[in-house]
Each structure stands twice: as C-alpha cells, then as structure tokens.
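I opened this notebook to keep track of what I looked up in the structure. The entries follow the order in which I went through it.

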Amino acid sequence: MTSGPRAADQKLNDEVLWDTFDPDEYIKRNYLEIQSVDREILTRVRDHFRDHFGKDGGRVGSGIDVGAGPNLYPALAMLPWCDRITLLERSESNLRYLRSQLSGYDANWDQFWEVLKSGDDDEGQAYAELGTDPRVRFKEAVQEPVAGSLFDLCSGAERWDLGTMFFVAESITTSLDEFRRGVGCFMSALNPGAPFAAAFMEHSEGYRVGSQEFPARDIDRAEVTSALKDYAEGVSIHRMANPKQLVREGYTGMILACGRRKH
C-alpha cells in the first residue's frame with residue numbers, strides 16, 4: 001500500500017482549475033489511435049458486461065459514466081445494456097466536447113467500437129447487433145452531459161443500474177482520503193447488484209495536458225482493492241503493466257476492476 005505525500009505537496013480536487021483541461025490535446029495524445037492497453041480494457045469490460053447480462057436477463061434502465069472527460073469508450077461499452085446513459089463531468093471544456101459528440105461522434109471512436117463488437121462466438125454479439133455504426137443508438141441513449149463532481153454523487157438521491165469510472169478517482173487529487181471517498185461516491189451511486197467497471201492509473205505522479213499540470217494520487221492494486229471492499233462483490237482486478245504499452249511517463253501501468261455493487 002502506498003504512502004501519502006507530504007501535506008505541503010497535497011493538491012485537493014477543489015484546488016484544480018478543471019476548466020483549463022484541453023480535451024483536444026488529451027484526445028490527440030491518447031485516443032486518436034487505439035492503444036493496446038485500451039484494447040485489453042475494452043475486451044475485459046465487454047466480456048464482464050456480457051457475462052452479467054447474459055445471466056441476469058438482458059438490459060437495465062440507466063447507466064452512468066463518472067468523470068467522462070473526452071473519452072467516449074466507457075459509454076460505448078454500456079450502449080447495448082441500458083436504455084439511457086448519463087455522462088457526469090466537472091470541466092466545462094470537457095462538457096463542451098461531450099455535447100459536440102452527441103449528434104454524431106468523431107471517427108476516431110469507430111476503432112474502439114470495432115473492438116467491442118469483435119470476438120469469438122457471441123462475445124461481441126450484443127454490440128454487433130447495433131450495427132457497424134451505432135451513432136443512432138448513441139444519440140438515443142446518451143443524455144445531455146451533466147455538470148458535476150464525482151463527490152456530488154455521495155449526496156445525490158439518484159441511483160443507476162450500471163456504472164463506469166475510468167481514470168478519475170486517482171487522477172483528480174493527491175489525497176488518499178479523497179481517492180477513497182471518490183471510489184465510495186461512485187459505488188454509492190449504483191443500485192444493489194449493478195455491474196460496474198472502474199479503471200485506474202497505477203503509481204501515477206500526475207500528468208500534463210497541453211501546458212497544464214494536473215494532480216494524481218499514487219495508488220496500487222492493494223489500494224484499489226481496499227477502496228472497493230465495503231461496496232463491491234464478485235470483483236476481478238486486472239493489472240496491465242507492459243512497459244511497451246505506457247502512453248506517457250509518470251505511471252507504471254493500469255488497473256481495471258470489474259464487479260457488482262453489493263446487495
């Protein structure tokens with residue numbers, strides 16, 4: 001388990017100028033071409049949702065992607081499994097990007113959809129049934145993005161039947177307490193039995209988007225396991241740490257946790 005930074009070095013979520021986040025720069029660096037690690041994450045998330053809904057009866061009413069940012073692939077992964085999808089995002093610049101994608105998202109996201117609908121046997125069947133271009137379904141299901149913080153979920157009354165949170169709780173603060181609280185807020189926003197997928201940067205030292213620096217909390221697999229234990233069941237945790245797959249310096253790999261909200 002990782003140790004905390006010195007108090008003088010700590011940067012809390014509310015101290016960050018999130019509206020300066022540059023979605024175009026972030027996409028250029030991370031999502032113009034699909035990375036091998038994103039292929040692996042998408043494949044595991046696809047199979048987790050397929051296994052859950054294959055056993056439990058099809059689809060649910062609502063899904064949420066928490067801290068969506070300029071990343072559409074968590075929403076794409078939920079597309080066959082719920083009637084409506086909420087994108088929660090704090091940064092106004094990222095909200096503008098998300099709004100621009102609702103009527104027809106950019107072509108770079110097609111390669112992520114190809115991973116979801118591919119596979120042996122029936123692995124991608126639910127995705128393939130939506131066609132080669134699921135933009136119509138995306139427009140129907142994905143609602144106007146909601147402005148708000150991850151921490152708002154702890155005090156909100158609404159609950160969702162399916163959830164994703166990718167590279168958020170550890171990438172908005174240097175505080176271990178805020179990281180743990182963020183994971184708890186995400187899990188608390190899910191209905192009992194709701195499947196979820198959450199991804200984390202391992203041992204992140206912070207990151208740059210364009211000219212802006214953003215904080216991160218140094219966490220590992222043990223910390224992810226600890227943060228989830230009071231909320232989740234049936235959890236599988238996968239660590240992806242191939243040095244050739246790192247998209248930037250300042251972290252050691254990615255951690256993906258898939259499971260269900262406890263009943």
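Entry 1, a short-range pair. Which side chain meets that of Arg135 in a salt bridge? I looked it up in what is a predicted model, and found that the partner is Asp133, with 2.7 Å from N to O. I then checked how far each of the two is open to solvent: Arg135 is buried, with a relative accessible area of 17%, whereas Asp133 counts as partly exposed at 41% relative accessibility. I note that Arg135 is called buried because its 17% falls under the cut-off of 20%.

Entry 2, a pair inside one helix. I went on to Glu140, which forms a salt bridge with Arg137, the closest N and O atoms being 3.8 Å apart. Both residues lie in helix H7, which covers residues 135-141, and they are 3 residues apart, about one turn of the helix. Here too I looked up the accessibility of each partner: Glu140 is exposed, with a relative accessible area of 56%, while Arg137 is buried, with 15%.

Entry 3, a pair across the sequence. What does the salt bridge between Asp14 and Arg90 tie together? I first noted the distance, which is 3.1 Å between the closest N and O atoms of Asp14 and Arg90. Asp14 lies in the segment before helix H1 (23-30) and Arg90 in the loop between strand S2 (82-89) and helix H4 (92-101), so the pair ties together parts that are 76 residues apart in sequence. Asp14 is exposed, with a relative accessible area of 63%, and Arg90 counts as partly exposed at 33%.

Entry 4, the salt bridges as a set. I wrote down that the structure holds 18 salt bridges. I also noted a network of salt bridges that links Arg46, Asp47, Arg50 and Asp51.

Entry 5, Leu12 and Glu178. I looked up Leu12, whose place is in the segment before H1, and which counts as partly exposed at 29% relative accessibility. Not counting residues up to four places away in sequence, Leu12 touches Ile172, Thr173, Ser175 and Glu178. I followed the contact to Glu178, which has its place in helix H8, residues 176-188, and is buried, with a relative accessible area of 11%. Leaving aside neighbours within four places in sequence, Glu178 is in contact with Leu12, Asn13, Phe151 and Thr173. I also took a C-alpha separation for each of the two residues: Glu178 and Lys11 are 167 residues apart along the chain and separated by 10 Å, and Leu12 and Met254 are 242 residues apart in sequence and 22 Å apart in space.

Entry 6, the largest pocket. I noted a volume of about 660 Å³ for the largest pocket. Of the 40 residues that line this pocket, the closest to its centre are Phe21, Tyr26, Phe167, Ser171 and Tyr207. Which element supplies the largest share of the lining? It is H1, with 4 residues. At least two residues of the lining come from each of H1, helix H2 (36-56), strand S1 (60-66), S2 and strand S6 (207-209). By class, I recorded 20 nonpolar, 12 polar and 8 charged residues in the lining of the largest pocket.

Entry 7, the cavity. I found a count of 1 cavity of 30 Å³ or more, and the volume of the largest cavity is about 30 Å³. The residues that line the largest cavity are Val37, Met240, Asn242, Gln245, Leu246, Tyr251, Gly253 and Met254. By class, this lining has 5 nonpolar, 3 polar and no charged residues.

Entry 8, the chain as a whole. I ended with the overall values, starting from a secondary structure of 9 helices and 9 strands. With 263 residues, a compact globule would have a radius of gyration near 18 Å, and the 17 Å of the chain agrees with this. The C-alpha atoms fill a box of roughly 55 × 40 × 40 Å, taken along the principal axes. Of the 263 residues, 54% count as buried. Among contacts between residues at least 6 apart in sequence, 76% join residues at least 24 apart.

Terms used. Residues numbered from 1 in each chain as written. Predicted model: local features only at pLDDT ≥ 70, side-chain atom pairs only at ≥ 80, totals over all residues. Heavy atoms only, no water. 1 Å grid on protein atoms, 1.4 Å probe; cavity = no way out; pocket = protein on both sides within 12 Å on 5 of 7 lines; lining within 4 Å. Points joined across faces, edges and corners; volume = space filled by probe spheres on them. Nonpolar A, V, L, I, M, F, W, Y, C, P; charged D, E, K, R; others polar. Buried < 20%, exposed > 50% of the residue type's maximum accessible area, 1.4 Å probe, protein only. Rg over C-alpha atoms; globule rule 2.2 N^0.38 Å. Contact = heavy atoms within 4.5 Å.
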